[in-house]
Amino acid sequence: DSTPERSRDHHKSRSKDSRSEKSVTINMPPAEPLLGDSAVRGEPVQDDNWGETTTAVTGTSEHSLSQEDIVRITKDLEDSVGLDCRRYLTLTLTVILGLLVFLTPLAFLVLPHLLWPEKLQGCGTACEGLFISVAFKLLILLLAIWALFFRPPRAGLPRVFVFRALLAVLVLLLVVSYWLFYGVRILDSQDENYQGIVQYAVSLVDALLFIHYLAIVLLELRQLQLCFSVCVTRSTDGETRHYNLGQLSIQRAALAILEHYYCDFPVHNPALLSASKSRAAKHLAGLKVYNVDGESGLAHSQSRAMIAAAARRRDSSHNELYYEEAEHERRVRKRKARLVVAVEEAFTHIKHMQEEEQKKAPGDVMDPREAAQAIFPSMARALQKYLRTTKQQHCHSMESIQQHLAFCITNSMTPKAFLESYLTPGPTLRYSRDHWLARQWTLISEASVTSGLKDGTVFLLKCVDFSLVVTSKKIPYIQLSEEYIDPKSHKFVLRLQSETSV
Amino acid sequence: MSFVPGQPVTAVVQRIEIQKLQQGDNLILGFSIGGGIDQDPGQNPFSEDKTDKGIYVTRITPGGPADVAGLMMGDKIMQVNGWDMTMVTHDRARKRLTKKNEGVVRLLVTRKSLEEVVKQSMNKYPRQ
């Protein structure tokens, strides 16, 4: 069947490398078509002539680089450049502020020695104690600022963090006011009391530590207490999860939800949605509205008439759905049974060799990768068929399957453990990077994204293929009252009312 | 009919003598009892005082020995053949009434109408 493949090559530009990962490189399975093609269209049977009749570039197949993909890639590039600029700007501002904060107390201490050293009164042990405390407090402040603010950012958010901006402004105000007082009271008048100057510097460091404490409370602790329960629904297949969040702004809540999304939601499989789409198309296909009176346009009454007629029509599409689903279920189970047997049989050919045996029989010893390649052909066909039936074949490439097999063999896992990742769809993170399908998310919200979560907030997290609808509900205020029960008051009496006839 | 704990119980009682009837293997009296110190007194429909744990007659078989002897529904049984019935468990009451070797039971029963009758008669003829 080389003709369809060649014409397919013309249409799909990117499929070359993807196809080399997915194509069957073994000779055993006879005439089995390549993994991953045409199942997106949902046809179980390959039409040999389709290559001759198809002329358009299909934008819906996932293995072709269509116009949408190009747009998406350029959009990614543009946005990432913009985001980097802003990130670097924020970084430089923070570094400047940090340096200012760190060097100010040192400047306060050093400047008198530089400008009027002869007038300064010496101060004894009290000053030394204060020097040590300044040194240690500055060290702690340095470490704390690094821990809180200079971590590598996990994500880029659309708007600036309101609290961080406010804290930066506060710190700046504090430092500026300290400098002001220093300039007026100490530099101008050339104060000789050095102990007073040192105490002034120590008070600045104390104030900075308190602001840092405030920063910890605002940025970290405030969101730990749970206030809201958010319900996240994927728009395409209805997968829903519920998470508990504290008091966060909408953008930070969106970030937390997306991180949970990658870990919890099963991977988005567009191939599973094609069945309902075809059904929907069939519903409206049978009816046509004809204008007998010669009016133009589809009036409101006409569309209503069409809906009513469609409802009254005795169609048996529910019947079709029922039998189709039953048939599909049966087919999946049969293929699964064949797969399980094939994998179990394949695993019996391999034995984990012990250390002592290794020295005795040096011939024909394989490392995990070779062992995997050796037993893979016997289960490849059954696995292919199963993946194709459950429409998962685009999630797993040949390479990844063999890698997983080598991994399972190395860790002495049973066939059931090996199959687990193919029988149930795992979270999105488990699959290779190109199946994440988007790391660029758009937050769509009616309220401002820096405002806090409230009861009944609704926002959307849109990526190219689907969107996540998020609604939040507030955990109610609970009024708890106390009631004392004396342990001696636990008395019991039988509630029998027997009536005996005598 | 309410009692004060620690004080002897006083009531106006009627003496009723019932002859047991042989029915198959058993000697029956023809009524049903309810109550007892191990029962829930609040569910007794016949008692005035809902803490009264005495034995009450809950049903009378029409035409049976008890009906013939004049026992009425709602009567509280105070004694059976001299044995006290005001502070017994339900099962003990049943056993007292269904002793196989006794052919006759002599009950002392009280009911509200008895008290009233006595009060009325006392009012009619006040003490002089």
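Which helix of chain A holds both A:Glu327 and A:Arg330? Keep that question in mind as you open the viewer, and remember throughout that this is a predicted model.

**Stop 1: one helix, two charged side chains**

Select helix H11 of chain A, residues 317-348, and you have found the home of both A:Glu327 and A:Arg330. The two residues are 3 apart, which is about one turn of the helix. Show their side chains, and you will see a salt bridge between A:Glu327 and A:Arg330, with the closest N and O atoms 3.1 Å apart. A:Glu327 is partly exposed, at 34% relative accessibility. A:Arg330 is also in the partly exposed class, with a relative accessible area of 49%.

**Stop 2: the whole of chain A**

Now zoom out and colour chain A by secondary structure. You should find 15 helices and 6 strands. Of the 502 residues in chain A, 30% are buried. Contacts also reach across the sequence: among those between residues at least 6 apart, 74% join residues at least 24 apart.

**Stop 3: salt bridges from helix to helix**

Across all chains, the whole structure has 14 salt bridges. Select A:Lys137 and A:Asp206 for one of them, where N and O are 2.6 Å apart. This pair links distant parts of the chain, with A:Lys137 in helix H5 (residues 125-149) and A:Asp206 in helix H7 (residues 194-221), 69 residues apart. Turn on the surface, and you can check that A:Lys137 is partly exposed at 22% relative accessibility. Its partner A:Asp206 is partly exposed too, at 24%.

Next, pick A:Arg369 and A:Glu399, whose side chains meet in a salt bridge at 3.5 Å, N to O. A:Arg369 belongs to helix H13 (residues 368-389) and A:Glu399 to helix H14 (residues 398-410), so this salt bridge ties together parts that are 30 residues apart in sequence. Both ends are partly exposed: A:Arg369 has a relative accessible area of 38%, and A:Glu399 has 33% relative accessibility.

**Stop 4: a histidine in a loop**

Is A:His394 buried or exposed? Select A:His394 in the loop between H13 and H14 of chain A. A:His394 counts as buried because its relative accessibility is 5%, and the cut-off for buried is under 20%. Add A:Asn269 to your selection: its side chain makes a polar contact with the side chain of A:His394, at 2.8 Å.

**Stop 5: a leucine in helix H6**

Go to A:Leu187, in helix H6 (residues 162-187) of chain A. A:Leu187 is partly exposed, with a relative accessible area of 26%. Leaving aside residues up to four places away in sequence, A:Leu187 touches A:Leu115, A:Trp116 and A:Tyr182. Try drawing a distance to A:Pro112 as well. A:Pro112 and A:Leu187 are 75 residues apart in sequence, yet their C-alpha atoms are 7.8 Å apart in space.

**Stop 6: where chain B meets chain A**

Show both chains and look at the contact, which takes 18 residues from chain B and 9 residues from chain A. Which three residues of chain B supply more of its buried area here than any other three? Select B:Gln39, B:Asp40 and B:Gln43: they supply 37% of the area that chain B buries against chain A. Between the two chains, about 1,200 Å² is buried, and carbon and sulfur atoms give 46% of that area.

Look next for polar links. There are 7 residue pairs in polar contact between chain B and chain A. Strand S4 (31-35), strand S5 (55-60) and helix H2 (90-97) of chain B each supply at least two residues of the side that touches chain A. S4(B) gives the most, with 5 residues. By class, that side of chain B has 5 nonpolar, 9 polar and 4 charged residues.

Now select strand S6 of chain A, residues 499-501, together with S4(B). The two strands pair in the antiparallel sense over 3 bridges. The bridge partner of A:Glu499 in S4(B) is B:Gly34. A:Glu499 also forms a salt bridge with B:Arg59, the closest N and O atoms being 3.4 Å apart. The count of salt bridges between chain B and chain A is 1.

**Stop 7: a network in chain B**

For your last selection, choose B:Glu48, B:Lys112 and B:Glu116, which are linked in a network of salt bridges.

Terms used
Residues are numbered from 1 along each chain as its sequence is written. Chains are lettered from A and ligands numbered from 1 in the order in which they are written. This is a predicted model: local features need pLDDT of at least 70, side-chain atom pairs count only at pLDDT 80 or more; totals for chains, interfaces and linings use all residues. Side-chain values use heavy atoms; hydrogens and water are left out. Contact means heavy atoms within 4.5 Å. Buried area is the accessible area (1.4 Å probe) that two parts lose on being put together, summed over both. A salt bridge is a side-chain nitrogen of Lys or Arg within 4 Å of a carboxyl oxygen of Asp or Glu. A polar contact is a pair of N or O atoms within 3.5 Å; within protein, one must be able to donate a hydrogen and the other to accept it, and residues adjacent in sequence count only if both atoms are side-chain atoms. Helices (H or I, at least four residues) and strands (E, at least two) are DSSP runs, numbered from the N terminus. Ala, Val, Leu, Ile, Met, Phe, Trp, Tyr, Cys and Pro count as nonpolar, Asp, Glu, Lys and Arg as charged, and the others, Gly among them, as polar. Two strands pair if DSSP finds at least two bridges between them. Buried means under 20% relative accessible area, exposed over 50%, partly exposed in between (1.4 Å probe, protein chains only).
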